[in-house]
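Student: Could we go through this structure together, backbone oddities and then a pocket?

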Amino acid sequence: MAEVASNLITNFKRSDEYRNVIHDLIPGGAHTYSKGDDQFPILSPAAITHGKGARVWDPDGNEYIECLGGLASISLGHAYEPVVERVIQELHKGNNFSRPSVIEREVAERFLANVPGHDMIKFAKNGSVVTTAAVKLARAFTGRKLVARPIDHPFYSYDDWFIGSTDVKSGIPQDISALTVTYRSDDMQSLRDLFEQYPTEIACVISEPEKFNVLPENYLADAIELAHKHGTLWIMDEMITGYKTDYPGSMKRYNLVPDIATWGKGIANGFSFCCMTGKKEVLELGGIRKSGNEKLFLVSTTHGGETCSIAAAIATMDEFEKQDVVGHNQKLGQLFIDGSKDIIARNGLQNNIRNMQFNWHASLGYFDHEGNNSFGLRTLFHQEMIKRGVLFQGVFCPHFSHTEEEVNYVLQAMDESCVIFKKGLEDGYERYLVGEPIKPVFRKYI
Ligand SMILES: Cc1ncc(COP(=O)(O)O)c(C=O)c1O
């Protein structure tokens with residue numbers, strides 16, 4: 001890759017053509033809103049043609065270091081050879097059958113062996129499917145209606161029980177929205193207040209174990225205990241933390257056994273394999289052995305047992321078990337955090353670019369002189385990073401193919417981007433930003 005400042009990317013001609021047609025074909029132009037055009041500056045790749053390791057290429061042939069590998073689904077690297085090889089082997093044996101494939105047992109046994117205290121597992125192709133299934137199980141198990149989730153966490157599912165609790169309520173009956181209640185993730189009192197308000201009505205709390213703040217010691221254990229005291233199940237969503245905070249995730253790191261855990265993203269290095277694990281008495285509700293019991297229709301999908309994605313999950317486990325992937329990733333995440341802190345300080349931007357502390361998912365927040373979160377400055381910073389060959393969305397999520405050299409390159413690009421950011425801060429971002437600022441995904445109006 002060329003020197004950072006000497007070779008700025010300016011040609012997005014083919015990307016512009018792509019942007020011009022895609023919204024006529026695909027509502028939103030992408031298959032998750034996070035990949036949409038309104039999440040990126042106009043001077044950016046509209047699509048990716050291919051990736052290898054930590055690099056991706058756009059239709060104009062521009063090369064980037066990608067910082068948030070496939071929205072945090074890439075844990076080993078793009079086109080990572082041992083995973084690709086294992087998938088190809090499996091594909092030659094057929095990809096879907098009318099009865100389960102034997103590989104389902106293999107992945108079930110291996111995954112569960114890593115998840116302390118959980119006895120059963122159910123697969124799906126998307127994270128939203130397993131979080132929704134976990135909520136359904138909790139409602140069936142407890143006979144209760146309400147779901148509690150942290151108001152300050154961004155996303156748990158595209159299904160109505162979650163989206164109905166955001167600002168984007170169109171198409172969702174109010175009766176459904178009213179069944180999801182909220183608390184603040186870092187404020188135990190707000191959870192206590194919720195249980196005081198609904199002492200016997202909450203079926204489950206669903207929460208990521210770690211998100212923006214380092215929680216006080218024992219916070220999660222206490223929160224789970226509080227829920228259990230009220231007969232409420234705890235669903236730990238390890239979609240992002242899984243294979244990142246630890247192997248397999250925060251459950252192990254903090255020695256906790258939630259009733260259900262949900263997994264996805266990095267567990268199959270970008271392949272579509274997600275799952276829910278849990279205690280037998282809960283997951284067994286979705287079974288067919290207890291003759292005479294009322295049937296619960298749990299996850300049931302044609303593609304849930306697709307062998308190539310399962311093979312990817314097995315190959316990913318192999319790599320995590322053979323090598324210290326978590327250690328490598330966190331070391332690079334720390335390098336990014338330490339380096340970016342220095343750069344921010346050197347540029348006098350401590351009040352305007354703030355680091356979040358997690359070395360497995362290091363994110364930045366952007367603020368104006370009044371301390372307001374600024375989408376304009378955010379977009380400007382990302383524009384400058386992208387110009388310098390770093391596909392940056394405000395998060396560095398290290399994976400096994402990122403190298404120290406690449407992190408140093410990202411930091412160098414950051415140093416240069418800070419100079420333009422500072423000008424934007426003083427003179428107004430509009431003077432330096434081409435196109436519109438990005439917009440929040442969860443907004444009432446387009
Ligand atoms: C914490 C969390 N849970 C669930 C999901 C849903 O996963 P998916 O996009 O695979 O449906 C996401 C997706 O970003 C997530 O971040």
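Here is our chat about a few backbone features and one pocket.

Tutor: Keep in mind that this is a predicted model.

Student: Okay, which residue does a cis peptide bond join to Y247?

Tutor: Look at omega, which is about 10 degrees for this bond. The partner sits in the loop between β8 (233–237) and α10 (250–253). That partner is P248.

Student: And where is Y243 found?

Tutor: Start with its backbone: phi of Y243 is near 65 degrees, a positive value in a residue other than glycine. Now trace the chain to find the element on either side of Y243: it's the loop between β8 and α10.

Student: Is Y243 buried or exposed?

Tutor: The cut-off for buried is under 20% relative accessible area. Y243 has a relative accessible area of 1%, so it counts as buried.

Student: Which residue has a positive phi in the loop between β7 (202–207) and α9 (219–229)?

Tutor: We want a residue other than glycine, with phi near 70 degrees. In that loop, the one to check is N218.

Student: On to the second largest pocket: which element gives the largest share of its lining?

Tutor: About 1100 Å³ of space lies in this pocket. Of its 31 lining residues, the closest to the centre are P100, E104, I121, K122 and V299. Two elements give two or more residues to the lining, α4 (103–114) and β4 (120–124). The largest share, 4 residues, comes from β4.

Student: How many of the lining residues are charged?

Tutor: Split the lining of the second largest pocket by type: 12 residues are nonpolar and 12 are polar. The charged ones number 7.

How values were computed:
Residues are numbered from 1 along each chain as its sequence is written. This is a predicted model: local features need pLDDT of at least 70, side-chain atom pairs count only at pLDDT 80 or more; totals for chains, interfaces and linings use all residues. Side-chain values use heavy atoms; hydrogens and water are left out. Buried means under 20% relative accessible area, exposed over 50%, partly exposed in between (1.4 Å probe, protein chains only). On a 1 Å grid over the protein atoms alone, a cavity is a set of points where a 1.4 Å probe fits but cannot get out, and a pocket is an open set with protein on both sides within 12 Å along at least five of seven lines; lining residues have an atom within 4 Å of a point. Grid points are joined across faces, edges and corners, and a volume is the space filled by probe spheres set on the points. Ala, Val, Leu, Ile, Met, Phe, Trp, Tyr, Cys and Pro count as nonpolar, Asp, Glu, Lys and Arg as charged, and the others, Gly among them, as polar.
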